[in-house]
Amino acid sequence: MGASLQEHQRWKSSVKTSGKIKAAAIVEAPPAEELKDFVLPSWADFDIGRAPVYWKTMNGLPPSSGERLKLFYNPAATKLTPNEEFGIAFNGGFNQPIMCGGEPRAMLRKDRGKADSPIYTIQICVPKHAVNLIFSFTNGGEWDGPYRLQFQVPKAWRNRDIDFFNQGLTEELSREGACEKAIFPDTSIVIDRCQIMGNLTSEGGDRCELDLVTGCTDPGSPEYNPLANVDDGSCPPYSDSED
């Protein structure tokens, strides 16, 4: 399973450093066990805690090499209690656990009100030579995983052997800061002065780019898009009839 899933990881202080978590204890990595090839559940099953992992790609297609996706984790599905300091941390690597594995990375906590427990997210920019992502979650004392998420590779590369991908991935990740750009915490930054549409800006005239994602923003709707930040009216109207 690789060194990052076999060795003890020493976390020295309860601080966050460049998105990586360090806790005040020696944490034993999970024992080697069979990888779980995870199939995308429905958002409803994930939302109520029946499935621990959900993901969403930026283009709406299955996870693919060279593309970007967001991973969601619901600790209620596995009874993994979030750490009081940092919540839940992500540890994962491409093609094998040691490729960008290292120390666990902070995940962004998303509170959902008093009735529902929080969920956690992290961003993944998939390298072009990655064929899968092997990952686990931890609260600093316990682990959930490992899971494996398979990626679709370019059509021209589908008959290549794994050595081709591993060599290309090693070259990609050897660049300075490559792993930090491939796996990084989600953001909760709120921008209040931006160019929006038709040259309209908020008072002050400051400019910035907004990543506007249209879709259904109602969590109770079967058409709910967890990445949407602009409601486009696609949520179906509620009805008392079964139809």
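A pocket here is an open set of grid points with protein on both sides within 12 Å along at least five of seven lines. The second largest pocket in this predicted model has a volume of about 160 Å³. The protein chain holds four helices and 16 strands. Of its 243 residues, 41% count as buried.

**Second largest pocket**
- The lining consists of C125, P127, E172, L173, R175, E176, G177, A178, K181 and A182.
- Two elements, α3 (162–173) and α4 (178–182), each give two or more residues to this lining.
- The top contributor is α4, with three residues.
- By class, the lining has five nonpolar, four charged and one polar residue.
- Among the charged residues are E172, R175, E176 and K181.
- G177 is the polar one, because Gly is classed as polar in this scheme.

**Chain-level figures**
- The chain exposes about 14100 Å².
- Carbon and sulfur atoms supply 48% of that exposed area.
- Take the contacts with a sequence separation of 6 or more: 57% of them join residues 24 or more positions apart.

**Nonpolar cores**
- The largest nonpolar core has 29 residues.
- Within this core, L71, F90, F94, I124, F135 and F137 touch the most other members.
- The strands that give two or more residues to the core are β6 (53–57), β7 (68–73), β8 (89–94), β11 (119–125), β12 (132–138) and β13 (143–150).
- The helices α3 and α4 also give two or more residues each.
- Both α3 and α4 thus appear in the core list and in the list for the pocket lining.
- A second, separate core has six residues, including W43, F46, Y54 and L227.

**Contacts of F90**
- Leaving aside residues up to four places away in sequence, F90 touches L71, P104, R105, M107, I122, I124, L133, F135, S136, F137 and I183.
- Among these partners, L71, I124, F135 and F137 are, like F90 itself, in the group that touches the most other core members.
- The partners of F90 also include R105, a charged residue, and S136, a polar one.

**G141**
- G141 sits in the loop between β12 and β13.
- Is G141 buried or exposed? Its relative accessible area is 56%, and the cut-off for exposed is over 50%, so G141 counts as exposed.
- G141 and T81 are 60 residues apart along the chain, and their C-alpha atoms are separated by 9.7 Å.

Definitions and conventions. Residues are numbered from 1 along each chain as its sequence is written. This is a predicted model: local features need pLDDT of at least 70, side-chain atom pairs count only at pLDDT 80 or more; totals for chains, interfaces and linings use all residues. Side-chain values use heavy atoms; hydrogens and water are left out. On a 1 Å grid over the protein atoms alone, a cavity is a set of points where a 1.4 Å probe fits but cannot get out, and a pocket is an open set with protein on both sides within 12 Å along at least five of seven lines; lining residues have an atom within 4 Å of a point. Grid points are joined across faces, edges and corners, and a volume is the space filled by probe spheres set on the points. Buried means under 20% relative accessible area, exposed over 50%, partly exposed in between (1.4 Å probe, protein chains only). Contact means heavy atoms within 4.5 Å. Accessible areas come from the Shrake-Rupley method with a 1.4 Å probe; for residues, only the protein chains shown count as cover. A nonpolar core is a set of buried Ala, Val, Leu, Ile, Met, Phe, Trp, Tyr and Cys residues joined through side-chain atoms within 4.5 Å.
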